[in-house]
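Please look through the model below from one region to the next, with the sequence at hand. The paragraphs that follow take up a sheet, the nonpolar cores, one helix residue and the surroundings of a ligand.

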Amino acid sequence: MGDIGNSMSEVIVGIDLGTTQSAVGVVDSGFPILLADEEGHSLTPSAVWQGKNGEIEVGHSAVRRAGTQTVITSVKGLMGRRFSELQDSEKTYVTKIDTGFTVTTEGDGLTPEEASAEILRKMKQIAEARLETEVNKAVITVPAYFHDSQRAATKRAGELAGLEVVRILSEPTAAALSYGLDRLGEAAKVAVFDLGGGTFDVSLLEMRDGVFEVLSTSGDTRLGGDDFDHAISQFAAKQLDTDWETLAPLEHVRWLTEARRVKHALSSEDEVTFRIPFVGDVPMSRADFDQLLEPFLGRMEGGCRRALLDADLKEGDLKAVVMVGGSSRIPAVKERVQKIFQREPDLSQHPDEAIARGAAIQAGVLAGVVREILLLDVTPLSLGIETMGGLMNVLIPRNSTIPCKAGEMFTNAADGQESMKVRVLQGERELARDNWELGDFRVPFTPERRGQARVGVEFRIDADGLLTVLARDVATGADTLLEVGSTAVDVAEAQVEKMVSESVKFAFEDMNARVFEEAKLKANELLPAVEIALEQFQHELSQEDLQAITSARDSVTDAIKSQDATGLKNAVETLDHATEGLAALLVEKASSALFSNSQD
Ligand code: ADP
Ligand code: MG
């Protein structure tokens, strides 16, 4: 080992905090290497066991307890989310405690963040033992689709483990680094395909001015190797006339462990026997497995095509397709990726080690032991605030390159209003209520007539993907700040994929709703003004004009009642047109009042 531990520069390690496996690496003499534990394993299962007296075991020894004792696994996707947004299947081994939730164990239970902290503490210990020095800083990777609070939770888990998290890095960007994709040169576009134990993630990147830029990301937070283990187990159970559902927990562990062995062997052999002692044998061919995989391959293909669409790219535009994640080793997965992108994918880096290697390279850059490479990420979903009529007003669109900032001016909706509520939203839907609320706060301002107060709202996303929202009352210069990264999310469904597909599915309804709300806002302004003006000027109008105005007014109220978007839009336009004469009278009256005032 080189002299990194005791040289002038402080050690920064790179950690792949995976759903099923984690790894830690560092740059040594210019090369990114993974650090192995005392048994020689460089991959550590992301599993935590807690004893009755609070003792903790992490990794292989925790896995060996599965089945007889509760072992926490797959906790990554639970971080930074609320109990209410978990799906039923995710709730099975977590218990709600007030606002947060705890993963049940033999001891007192851990929060998802605490469990992740234990895994990170283990990675820190492995690194310290190998490097023979204290390690206090780390780069930690997260999936590209992790939203702000999930990134913030990952950072807090690192801090709980005694690590200063100097950078949160997107996994595809780490993969691109480990494959050295920067060598492809200017304007090269590449795809990073990541199929791990529990998640699937595909990203398209482009080299611009010597830096990586993420063009689009897509994926599925509930698709990975674990699904294949279940499919194989259930296939075998059927052949052996065993009811999978009624098997005891320890049996499930045994069957799934065997399924995993068979799955791994089928990556290099054509036929493998699934064997449960005293139950029976099931011969399984690669063709059998491919058949079980088919529905999963279809979902994978959908994600890849969506990423291409989002980035407005064709398969032929790509200079390279790299595959990471342990499940990329499956031949059928590789074949499908080749078919989708119409080019031979690169699997030359060990797929389950590539992310950690990339994290190590980024750590090396930050520690000053590797030349500078600037990394750019994108926002997985649009960010904005709710405006009048319950509409979503986007400030930072989806797939914007970060770090970034954007601002807009807003005003008061009512006379004498003393404050404005700012609701920070994330999502792709036109109506505020269909998006996820990341937090809210009140901005006080000097009471003014309707539309007179000015509040500037600015969104800022730093290099770690953490969002800060600033609101400024222009009259007083007073600022109100909201750190969204540390605020609990209140979302119904934390799934980017679902959000995006719903925004497509409901595009027509959403557009209609927006047209209706906007027309209604205008109608609500126009109607009272028309009433007041009519009272004053009714006698000065021709019978014809009066008739036109009242019938236009009635069709506006009717259209609001019947929720008819296009009807309302047209009726408002007609009313606007019909009251032109009335408005002229009003202006005349107002200016003469102004003159008489100024003569005072
Ligand atoms: P994660 O990022 O989700 O923690 P990894 O990238 O480490 O996951 O991949 C773990 C998954 O890869 C597991 O489901 C494991 O069974 C699978 N895997 C590892 N090696 C092979 C192989 N040779 N063939 C098929 N699947 C494999
Ligand atoms: Mg992974």
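In what order do the four strands of the open sheet lie, and is their pairing parallel or antiparallel? In this model, which is a predicted one, the order is β19-β18-β22-β23, and the strands pair in the antiparallel sense. The edge positions are taken by β19, residues 391-396, and β23, residues 436-444; each has a single partner strand, so one side of each is left without a neighbour in the sheet. From one strand to the next, the twist averages 30°. The pairing of β23 with strand β22, which covers residues 419-426, is antiparallel and runs over eight bridges, and a reader who wishes to follow it residue by residue may start from V424, whose bridge partner in β23 is G439.

The nonpolar cores come next. In soluble globular proteins, nonpolar side chains tend to be buried together. Here the largest nonpolar core has 45 residues, of which F193, L204, W255, F274, M300, V333 and F341 touch the most other members. The element that gives the most to this core is helix α8, residues 286-311, with nine residues. A second core, separate from it and made up of 39 residues, includes V11, F83, A115 and A161. To return to F274 of the largest core, its contacts, leaving aside neighbours within four places in sequence, are I232, A236, W255, E258, A259, V262, G280, D281 and V282.

A charged residue offers another point of entry: is E113 buried or exposed? Residue E113 is found in helix α3, which spans residues 112-131, and E113 counts as buried because its relative accessibility is 18%, where the cut-off for buried is under 20%. The side chain of E113 makes a polar contact, at 3.0 Å, with the side chain of R156. When neighbours within four places in sequence are left aside, the residues in contact with E113 are M79, A153, R156, A157 and L160, so that R156 appears both in this list and as the polar partner of the E113 side chain.

Finally, the surroundings of ligand 1 comprise 18 residues, of which Q21, G197, K263, H264 and S267 come nearest. Oxygen atoms of the ligand also lie close to polar protein atoms: a backbone N or O atom of T19 is 3.2 Å from an oxygen atom of ligand 1, and a polar backbone atom of G326 is 2.9 Å from an oxygen atom of ligand 1. With R260, by contrast, the side chain supplies the N or O atom, which lies 3.4 Å from an oxygen atom of ligand 1.

Technical notes: Residues numbered from 1 in each chain as written. Chains lettered and ligands numbered in written order. Predicted model: local features only at pLDDT ≥ 70, side-chain atom pairs only at ≥ 80, totals over all residues. Heavy atoms only, no water. Helix = DSSP H or I, 4+ residues; strand = E, 2+ residues; numbered from the N terminus. Buried < 20%, exposed > 50% of the residue type's maximum accessible area, 1.4 Å probe, protein only. Polar contact = N/O pair within 3.5 Å; in protein donor to acceptor, adjacent residues only side chain to side chain. Contact = heavy atoms within 4.5 Å. Core = buried A, V, L, I, M, F, W, Y, C linked by side-chain atoms within 4.5 Å. Pairing = 2+ DSSP bridges. Axes fitted to C-alpha atoms, helices over the stretch in contact; angles between N-to-C directions. Near = heavy atom within 4 Å.
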